[in-house]
Amino acid sequence: MSSKEVLECLQALSAPGSGPAEVARSEARLTQLAQKPGYSIFLASIFSDGRLPFHIKQQAGFCLKNLIVEKWHQSSKNFKPPMISDKEKKQLRDGLPNLLNTENGKLRTVASMCIAVIGNFDYPENWPSLLPSLVKCLNDHTKPNLAQGSLRTILLLAEDLTDSQIVEAIPSLLPALLRILKEMRFSRQVRAQSIRIYRTCLSSIVTAEPEQASKFLGPTFKSWLEAIHFVLKSKVDLQDGAESSILQLESARVLRVLQITRTLKTELAPYRKLFFGTVEQAAISLFDPYLELIVSSESKDVAFDDDGDRIGFEVYITHLLGFLTRALKQEIQSINREEALRCLGRLAKLGLGFMRITYSELGEWESDPDEFIYYEDNLEMIFTVRAAATSLVDAVVGLGEPGLKPVLNAVAHDLKVANKMKKENNHRWWILHEAALYSCGLLIESASESKESCQKAMWVFRNAVLPNLIKPDKRFSFCYARSVWCISQYASLLELYPDCIPPAFEGVCHCSSYLFQ
């Protein structure tokens, strides 16, 4: 076996003009060569050869990564003998980190994958210097490519590290990650990776050392919170597609971890009001773009990051609404109850606005109405803006009369706006109309406990639900379906307050209610 032979096979695999037969022969030959000593070193040398074309080096990198998965350690579920020799392993451990400084981002990623797979088997027993050296590279101001490659490697490696191993690295890791987040010369994606690793560190601390969380996070905790707050305040440039909100999305995910962390309540207390206001404003600023780009769009582009997690400003909005819902519940139970109650009107309006159905969701309803309704009844099983907004409105309603009033006011307002839009021949009127009916239907049980709320709910019934049933418009079948659904929600209310509807409507209401009993 020679480097030339390996190179010729890689050329055949990666060349655009190679036919199926030639590719098959090359793959078979590389499989044979993989059984021989030195094969991994030949791949590594081709991978690192700056004189070769990109596609050949990338192919060599992928082959090397697959070889490491199959032949590095017997514990691998994909293990195929013979195992790579200890001598070759040492050469690879010594040489591969140098490739993290390569200029090409795709080749850096392949190198990161190779190192992370090795680290999964060898760290810390056979490669104790791996994580410390990667953290050290993050602080190298003169080599931004090396910092980016090291960051990506840590992100991949962290997936297989224990919580204790991550906690060990935190004192030196967190300051380095914070530096990268603040460095504007790094791309949005790279800075987002630093936040993602920080989130992993938070989760590990909470799991491994919950009582020591403040001690480990202390030196940089305030700086990190300020940096996260700065990111959330930054405007999202929607022209950049799914990647536009990646920094804000990762920051919102950090807030979620902090919200469920009980051991940091004291440290977080001074920032709770600040973050609540910032998140609320962020959600408000994205409302109009959401209506234009998501609700009114017939296309649904789903994007994922390198780790397979969904991204996009729709996912970001979902996290923002989730934060507001959890924060509201927490504040109501704290000494800030009165202050939280003052924001219910804004939250009711915001939640109801984001409850508008998208064209994509409408398509799901049309294809399988039963499944659509099932998920409406089990909101915790889906992760959408509509579901998160519904949970927010439900949290407001759950506060009783203080929450019912602003929600019912918002419903009445939106129904009037929808009616005006309809008269102006605005085809989007039904989307606003349906969201208002959906919201009102969800609060009927709570409304039945108050005469005033009951009367407002019945106003909705008389002026929005019944007209859809008496004179249905086939062009807007979903509004008709939502009105039919509302009958089932109003059934108990009609029995409790029969005097809330005019006699002319009573027979229609009770007959319709009877169908759902």
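**Cavities and overall build**

The largest cavity has a volume of about 50 Å³. It belongs to a predicted model, in which the count comes to 2 cavities of 30 Å³ or more. The residues lining the largest cavity are L131, I154, A158, L161, I166, A169, L173, I197, T200 and C201. Three elements each give two or more residues to this lining: α8 (144-158), α9 (163-182) and α10 (188-208).

These helices are part of a larger set. The secondary structure of the protein chain comes to 27 helices, alongside 2 strands. Measured out along the principal axes, the C-alpha atoms fill a box of roughly 95 × 60 × 40 Å.

How much of the protein chain counts as buried? Of its 517 residues, the share is 51%, where a residue is called buried at under 20% relative accessible area. The contacts within the chain can be described by sequence separation. Among those with a separation of 6 or more, 72% are accounted for by residues 24 or more positions apart.

The outside of the protein chain comes next. Its accessible surface comes to about 24900 Å², and carbon and sulfur atoms hold 52% of that surface.

Charge can be followed in a similar way. The protein chain carries 59 positive and 60 negative charges, with Lys and Arg counted as positive and Asp and Glu as negative. The mean positions of the two sets are 4 Å apart.

Methods: Residues numbered from 1 in each chain as written. Predicted model: local features only at pLDDT ≥ 70, side-chain atom pairs only at ≥ 80, totals over all residues. Heavy atoms only, no water. Helix = DSSP H or I, 4+ residues; strand = E, 2+ residues; numbered from the N terminus. Buried < 20%, exposed > 50% of the residue type's maximum accessible area, 1.4 Å probe, protein only. Contact = heavy atoms within 4.5 Å. Areas by Shrake-Rupley, 256 points an atom, 1.4 Å probe, with all protein chains shown as cover. Charge placed at Lys NZ, Arg CZ, Asp CG, Glu CD. 1 Å grid on protein atoms, 1.4 Å probe; cavity = no way out; pocket = protein on both sides within 12 Å on 5 of 7 lines; lining within 4 Å. Points joined across faces, edges and corners; volume = space filled by probe spheres on them.
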